[in-house]
Amino acid sequence: GALHPARAARPATGAVGIEGDDLVDALRGFRPLAHRLEPVLERDGVLYVNDSIATIPEASVAAARALAPRPTVLLVGGRDRRQDYGPLAEFLAGPSSVVGVVGLPGNGPAILARIAEATAAMPTASADDLGDAVRRARRMLPDGGAVLLSPGAPSGEDFGDFEVRGEAFRTV
């Protein structure tokens, strides 16, 4: 099997005087920064993760990879900056734990179209707003999965910035 990151870090931390118990305590107490792969809620076996700061497609790919192997539905879209969503589409066309993608208002439908060009196998849906996106994502997701807000785009007209969008995600 793969080496757990905490075990991999032990030789390095031991070399600088950090004992194993201290490392375990530090990892248990770790809290991610707001809006950066931040778990905000676990309800009915589903984890909701706020990665609203992901405003480029490559950041959305990294976020989806970070949640693997948990089945994940990705929420994408926002203000259109004419970015290349090819890297996201190519990632979703290959093997991943992403089981669906929901497009948010703004350029969400265009991102979904780009994904469809790369793969017809990825289930997608367009949403009217963030609440609708979360409901659609939940219906696409098996128990034990995650709803990941990692839009790959800046906030659209509906939110002032990524922080406002992330705070709204907490409440839906």
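Biologist: Taking a cavity as a set of points on a 1 Å grid over the protein atoms alone where a 1.4 Å probe fits but cannot get out, and a volume as the space filled by probe spheres set on the points, joined across faces, edges and corners, how many cavities of 30 Å³ or more are there?

Modeller: There are 2 cavities of 30 Å³ or more. This is a predicted model, with local features needing pLDDT of at least 70 and side-chain atom pairs 80 or more, while totals for chains, interfaces and linings use all residues. Residues are numbered from 1 along each chain, and side-chain values use heavy atoms, without hydrogens or water.

Biologist: What's the volume of the largest cavity, and what lines it?

Modeller: The largest cavity holds about 50 Å³ of space, and its lining (residues with an atom within 4 Å of a point) includes Gly77, Gly78, Leu104, Asp158, Phe159 and Arg165.

Biologist: Is Arg165 buried or exposed, and what is its nearest side chain of opposite charge?

Modeller: Arg165, which lies in helix α7, is buried (under 20% relative accessible area, with over 50% exposed and partly exposed in between, 1.4 Å probe, protein chains only). Arg165 has no salt bridge (a side-chain nitrogen of Lys or Arg within 4 Å of a carboxyl oxygen of Asp or Glu), and the nearest side chain of opposite charge belongs to Asp158, 6.8 Å away.

Biologist: And the second largest cavity, which elements give two or more residues to its lining?

Modeller: The second largest cavity, of about 40 Å³, has a lining that includes Val40, Leu41, Arg43, Phe169 and Arg170. The elements giving two or more residues are β1 (38–43) and α7 (162–171), which are DSSP runs (strands E, at least two residues; helices H or I, at least four) numbered from the N terminus. Of these, β1 gives the most, with 3 residues.

Biologist: Switching to salt bridges, how many does the whole structure have, and which residues are linked in a network?

Modeller: The search finds 5 salt bridges, and Glu38, Glu167 and Arg170 are linked in a network. Glu38 pairs with Arg170 at 2.8 Å between the closest N and O atoms, joining strand β1 to helix α7 across 132 residues, whereas Arg170 reaches Glu167 at 3.0 Å, both within helix α7 and 3 residues apart, about one turn.

Biologist: Which of those are buried and which partly exposed?

Modeller: Glu38 is buried at 11% relative accessible area, while Arg170 is partly exposed at 32%, and Glu167 is partly exposed at 38%.

Key: On a 1 Å grid over the protein atoms alone, a cavity is a set of points where a 1.4 Å probe fits but cannot get out, and a pocket is an open set with protein on both sides within 12 Å along at least five of seven lines; lining residues have an atom within 4 Å of a point. Grid points are joined across faces, edges and corners, and a volume is the space filled by probe spheres set on the points. Lys and Arg count as positive and Asp and Glu as negative; His and the chain ends are not counted.
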